[in-house]
Number of protein chains: 2
Amino acid sequence: MTKENVPSFLYLTAAQARTLAKRMPTEETLYELADLYKMFADSTRVRILSALQTQELCVLDLAALLGITQSALSHQLRILKQAKLVKSRREGKVIIYSLADAHVESIFKQGLEHVRE
Amino acid sequence: MTKENVPSFLYLTAAQARTLAKRMPTEETLYELADLYKMFADSTRVRILSALQTQELCVLDLAALLGITQSALSHQLRILKQAKLVKSRREGKVIIYSLADAHVESIFKQGLEHVRE
DNA sequence: ACTATATATGAACACTTGTTCATATGTTTA
DNA sequence: TAAACATATGAACAAGTGTTCATATATAGT
């Protein structure tokens, strides 16, 4: 877990490096953060999430709306569900997907602000 | 640009699908959004951005701090710079990197809130 | 029970992406 | 101007990822 070879800093003293590291989130947290953003890092998934933001939808309607294969969509929905970004419920023959919580929306909006400069 | 084959909706009427689509951001915007999140979707880059959030740093100090190769770091810094998430300035022999703007920080915090549940 | 419909899943494949290694560029100091 | 140092970059490689195709599962209607 600890570094074996002490890295050689150029300007930073070892003490400065330590306090700097303390001000950062845990490595584990940063890994989780990267994993979260991976979900948003694919255009198909972003489009899925964006559509579900307007209203809940069943798989075929979602596929038709976005113009993608049912299979491709299903695979992505599974990934999004595992990440707890979407949830689903069955209604007869059909399974309806919706956003899991409000966090997705706020992450989304934050990103859009940046993109739209 | 337009779909040739009208998709067959299950519950959605064509009119509903249209209004729904109008409430979504442009496809182009969603692509840009995915590209933005791609920057945060790698743990190395997240760690770089996290470190730069505490203070500006030169490449070697950053490499030492994160325990990664100078080469790997340099590659990632180039990617982050192209995405306009970091900027750099030369100071003598050394090149110092810092965050490009405050947006990075807010995107970061938004994600952390979700990760920390 | 059989058929049609809606969704899920496994395997294969192409494509992308991050790291490493070697080397190039650019700056300072002797 | 040579040597030392800091950073950048190209090519090669390994690992990861998204789509497609075929097929499986599950529910509804006849």
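Which DNA strand has a phosphate oxygen 2.6 Å from an N or O atom in the side chain of Thr44(B)? The answer is DNA strand C.

This is a predicted model, in which local features need pLDDT of at least 70, side-chain atom pairs count only at pLDDT 80 or more, and totals for chains, interfaces and linings use all residues. Residues are numbered from 1 along each chain as its sequence is written, chains are lettered from A and ligands numbered from 1 in the order in which they are written, and side-chain values use heavy atoms, with hydrogens and water left out.

## DNA strand C

Start with the surroundings of this strand. A residue is near a strand if one of its heavy atoms lies within 4 Å of it. DNA strand C is surrounded by 24 residues. The closest are Tyr97(A), Leu10(B), Thr44(B), Ser71(B) and Gln76(B). Of the strand C atoms within 4 Å of the protein, 69% belong to sugar or phosphate, and the rest belong to bases.

Polar contacts come next. A polar contact is a pair of N or O atoms within 3.5 Å; within protein, one must be able to donate a hydrogen and the other to accept it, and residues adjacent in sequence count only if both atoms are side-chain atoms. The table lists polar contacts to both strands.

| Residue | DNA atom | Distance |
|---|---|---|
| Thr44(B) | phosphate oxygen, strand C | 2.6 Å |
| Arg45(B) | phosphate oxygen, strand C | 2.6 Å |
| Gln76(B) | phosphate oxygen, strand C | 2.6 Å |
| Arg45(A) | phosphate oxygen, strand D | 2.7 Å |
| His75(A) | base oxygen, strand D | 3.2 Å |
| Gln70(B) | base nitrogen, strand D | 2.9 Å |

Gln76(B) makes its contact through an N or O atom in its side chain. Two or more residues of the surface near strand C come from each of α4 (59-66), α5 and β3 (94-99) of chain A, and from each of α3 and α5 of chain B. Helices (H or I, at least four residues) and strands (E, at least two) are DSSP runs, numbered from the N terminus. α5(A) gives the most, with 5 residues.

## DNA strand D

Now the other strand. Of the 24 residues around DNA strand D, Thr44(A), Arg45(A), Ser71(A), Gln76(A) and Tyr97(B) come nearest. Sugar or phosphate accounts for 68% of the strand D atoms within 4 Å of the protein.

Which elements each supply at least two residues of the surface near DNA strand D? They are α3 and α5 of chain A, with α4 (59-66), α5 (70-82) and β3 (94-99) of chain B. The largest share, 5 residues, comes from α5(B). By class, this surface has 8 nonpolar, 10 polar and 6 charged residues. Here Ala, Val, Leu, Ile, Met, Phe, Trp, Tyr, Cys and Pro count as nonpolar, Asp, Glu, Lys and Arg as charged, and the others, Gly among them, as polar.

## Helix α2 and the core

Turn to the inside of the protein. Helix α2 of chain A covers residues 27-40, which makes 14 residues. From first C-alpha to last, α2(A) reaches 21 Å, close to the 20 Å expected at 1.5 Å a residue. The expected span is 1.5 Å times one less than the number of residues.

Buried means under 20% relative accessible area, exposed over 50%, and partly exposed in between (1.4 Å probe, protein chains only). The buried residues of α2(A) include Leu30(A), Leu33(A), Tyr37(A) and Phe40(A). In chain A, the buried residues of α2(A) pack against α3 (43-54), α5 (70-82) and α6 (102-115). In chain B, they pack against α2 (27-40), α3 (43-54) and α6 (102-115).

Lys38(A) is also found in α2 of chain A. Lys38(A) is partly exposed, at 37% relative accessible area. Contact means heavy atoms within 4.5 Å. Beyond its neighbours within four places in sequence, Lys38(A) is in contact with Arg45(A) and Ala41(B).

A nonpolar core is a set of buried Ala, Val, Leu, Ile, Met, Phe, Trp, Tyr and Cys residues joined through side-chain atoms within 4.5 Å. The largest one has 71 residues. Phe40(A) and Leu62(B) are among those that touch the most other members.

## Two residues of chain B

Arg47(B) lies in helix α3 of chain B. Is Arg47(B) buried or exposed? Arg47(B) counts as buried because its relative accessibility is 8%. Not counting residues up to four places away in sequence, Arg47(B) touches Met24(A), Glu27(A), Leu30(A), Leu66(B) and Ile68(B).

Leu80(B) lies in helix α5 of chain B. Leu80(B) has 0% relative accessibility, so it counts as buried. Leaving aside neighbours within four places in sequence, its contacts include Met39(B), Arg45(B) and Leu49(B).
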